[in-house]
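Colleague: I should be grateful for a close look at a single part of this model, together with its surroundings. Please treat the strands and what packs around them as one connected account.

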Amino acid sequence: MNKVADRSDNPDKFYIAVRADLPPGLQLAQSVHAMAEFWNDHPSFARSWRRRSNFLVVVSVPNEEALLALATEATLGKSLCTTLVCEPDLGDEHTALAIQPGAEAAALCASFPLALRNAVDYDRKGEMIVV
């Protein structure tokens with residue numbers, strides 16, 4: 001059994017940004033893709049985060065332009081490892097971004113709201129409900 005270390009001394013969070021202009025189900029799927037691809041691209045950072053923190057935050061950016069601006073600032077401005085996800089079913093548009101966990105990622109994402117905060121869903125009768 002893997003033991004997770006005491007997290008109280010290291011609250012580093014793993015930040016994923018996803019586009020708010022995508023439907024809720026697609027936002028969720030693209031967030032998971034970003035996490036999985038980051039794990040594949042940067043396994044040492046991912047494993048370290050899992051052992052030391054395991055806190056995850058998914059934030060919402062308005063659109064693809066904002067996502068690309070965040071990716072550029074994280075990668076070029078802060079020299080953080082990132083994984084930017086493209087979706088073939090959307091003409092290879094960029095949909096989500098995973099950013100190396102830590103204080104710099106938290107600062108970059110601080111102004112963005114949590115993803116799916118105002119998401120809507122439909123009940124079995126087809127009536128819209130706020131989740």
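**The sheet and its surroundings**

Modeller: In β2, Val 61 is the residue that stands opposite Arg 19. The model is a predicted one, and this pair is a convenient point of entry to the sheet. The strands β1 and β2 run parallel and are joined by seven bridges. They belong to an open sheet of four strands, in which the order is β2-β1-β4-β3 and the pairing is mixed. Because β2 and β3 each have a single partner strand, they stand at the edges, and one side of each is left without a neighbour in the sheet. From one strand to the next, the twist averages 20 degrees.

Two helices may be considered against this sheet. Helix α3 lies across β1, β2, β3 and β4, and runs at about 35 degrees to β4. Helix α1 comprises residues 24-41; for these 18 residues, a rise of 1.5 Å a residue gives an expected span of 26 Å, and the end C-alpha atoms are indeed 26 Å apart, so the two values agree. Its buried residues are Gln 27, Gln 30, Ser 31, Ala 34, Met 35 and Phe 38. These residues cover an arc of only 140 degrees around the axis, which means that they lie on the same side of α1. Gly 25, Leu 28, Val 32 and Asn 40, on the other side of α1, are exposed. The partners against which the buried residues of α1 pack are the strands β1 (13-19), β2 (55-61), β3 (82-87) and β4 (93-99), together with helix α2 (43-52).

The nonpolar packing comes next. In soluble globular proteins, nonpolar side chains tend to be buried together. The largest nonpolar core here has 16 residues, of which Ala 17, Leu 70, Leu 97 and Ile 99 touch the most other members. At least two residues of this core are supplied by each of β1, β2, α3 (64-77), β4 and α4 (103-109). Helix α3 provides the largest share, namely five residues.

Ile 99 shows how such contacts reach across the chain. When its neighbours within four places in sequence are left aside, Ile 99 is in contact with Phe 14, Tyr 15, Phe 38, Leu 70, Ala 74, Leu 80, Cys 81, Thr 82, Ala 105 and Cys 109. There is also a second, separate core of twelve residues, with Ile 16, Ala 46, Ala 96 and Ala 115 among them.

Methods:
Residues are numbered from 1 along each chain as its sequence is written. This is a predicted model: local features need pLDDT of at least 70, side-chain atom pairs count only at pLDDT 80 or more; totals for chains, interfaces and linings use all residues. Side-chain values use heavy atoms; hydrogens and water are left out. The expected span of a helix is 1.5 Å times one less than its number of residues. Buried means under 20% relative accessible area, exposed over 50%, partly exposed in between (1.4 Å probe, protein chains only). The arc is that of the directions from the helix axis to the C-beta atoms. Contact means heavy atoms within 4.5 Å. A nonpolar core is a set of buried Ala, Val, Leu, Ile, Met, Phe, Trp, Tyr and Cys residues joined through side-chain atoms within 4.5 Å. Two strands pair if DSSP finds at least two bridges between them. Axes are lines fitted to C-alpha atoms, for helices over the stretch in contact, and angles run from 0 to 180 degrees between N-to-C directions.
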